[in-house]
Amino acid sequence: MRVPIIAGNWKMYKTMGEAMGLVNAIKKSLGSFDKAEVVVCPPFTALNTVYGLIENSMIKLGAQNLLWEKEGAFTGEISPVMLKDCGCEYVIIGHSERRQYFGETNETVNKKMKLALDMGLMPIVCVGETLADREANKTNAVIEAQLKGAFADISNDDMANVVVAYEPVWGIGTGKTATPDMAQAVHKFIRTWLTSNFNADIAEATRILYGGSVKPENAKELMAQDDIDGGLIGGASLKAESFIAIARNAIA
Ligand code: 13P
């Protein structure tokens, strides 16, 4: 059985003080909840502060990006060594906002995946189509190209540490959520792709999260789908109440 993940992507929100308030509130309302892995992904500046507060709890830490080099003259970038040093276990790679605004490509996603895995960080690799892709019936083709790029030369052993997040670009921050059937169809497509390109055991074991306007009200129906193994939550992860409500509503 796949252990679901409820991950909060805080994006470029929360100063250190605000991050402390949020993570303390999450910790408190989470109590002894253990039906899903709970991951928070604060901005870089709050990673270590947050880690100090969750170190001995069940909450895990993730970053939102990294560079494909361990160190060097790369002004403004963050290396996986630094993320590990801050207490990160997970790292989001290839989020559509990085692809859209910061030139992330399937090739750079792959380079980041490889170094993250080498360094013992677990990638949460994001894929998703734009509205134009969907309207042109290109959803599967786009997802397939993203998967091919991201997973080029990744070994079967490394696959045990990879999480996939399907986030339709048109559903992010828009209030428009894919219907459970639409989301399930893409999740199933991703799992089938993993079967063909790795093997059935790997496909069965890989967690595939859904992201895009997930809220306490729609989480249950989405997470009930066979191939949806949790959520990558943006806006609703910025308040402990809604974030925890998603975990509690979604995971029976
Ligand atoms: P929203 O939940 O705000 O739509 O964001 C989803 C997302 O991009 C998570 O990575």
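**Exercise 1. Determine how the residues of the shell around the ligand divide into nonpolar, polar and charged.**

Solution. Begin with the residues that surround the ligand in this predicted model, which are Asn 9, Lys 11, His 95, Glu 167, Gly 171, Ile 172, Gly 173, Gly 212, Ser 213, Leu 232, Gly 234 and Gly 235. Next, sort them by class, remembering that Gly counts as polar. The shell then divides into two nonpolar, eight polar and two charged residues.

**Exercise 2. Find which N or O atoms of Asn 9, Gly 234 and Gly 235 lie within 3.5 Å of an oxygen atom of the ligand, and state how much of the ligand the protein buries.**

Solution. Start with Asn 9, where an N or O atom of the side chain is 3.0 Å from a ligand oxygen. Then turn to the two glycines, which take part through the backbone: an N or O atom of Gly 234 lies 2.9 Å from an oxygen of the ligand, and one of Gly 235 lies 2.8 Å from a ligand oxygen. Finally, consider the surface, for the ligand taken alone exposes 300 Å², and the protein buries 96% of that.

**Exercise 3. Explain why Cys 88 and Cys 126 form no disulfide.**

Solution. A disulfide joins the sulfur atoms of two cysteines by a covalent bond, and the cut-off used for such a pair is 2.5 Å. For Cys 88, the closest cysteine sulfur belongs to Cys 86 and is 6.0 Å away, which is too far for a bond. For Cys 126, the closest cysteine sulfur is that of Cys 41, at 9.4 Å, again too far for a bond. Both residues are buried, Cys 88 with a relative accessible area of 5% and Cys 126 with one of 2%. A search of the whole structure likewise finds zero disulfides.

**Exercise 4. Locate the largest cavity by naming residues that line it, and give its volume.**

Solution. The count comes to one cavity of 30 Å³ or more, and the largest cavity has a volume of about 30 Å³. Its lining consists of Gly 94, Ser 96, Arg 99, Cys 126, Val 127, Gly 128, Glu 167 and Ile 172. Glu 167 and Ile 172 also belong to the residues that surround the ligand.

Note on methods:
Residues are numbered from 1 along each chain as its sequence is written. This is a predicted model: local features need pLDDT of at least 70, side-chain atom pairs count only at pLDDT 80 or more; totals for chains, interfaces and linings use all residues. Side-chain values use heavy atoms; hydrogens and water are left out. A residue is near a molecule or strand if one of its heavy atoms lies within 4 Å of it. A polar contact is a pair of N or O atoms within 3.5 Å; within protein, one must be able to donate a hydrogen and the other to accept it, and residues adjacent in sequence count only if both atoms are side-chain atoms. Accessible areas come from the Shrake-Rupley method with a 1.4 Å probe; for residues, only the protein chains shown count as cover. Buried means under 20% relative accessible area, exposed over 50%, partly exposed in between (1.4 Å probe, protein chains only). On a 1 Å grid over the protein atoms alone, a cavity is a set of points where a 1.4 Å probe fits but cannot get out, and a pocket is an open set with protein on both sides within 12 Å along at least five of seven lines; lining residues have an atom within 4 Å of a point. Grid points are joined across faces, edges and corners, and a volume is the space filled by probe spheres set on the points.
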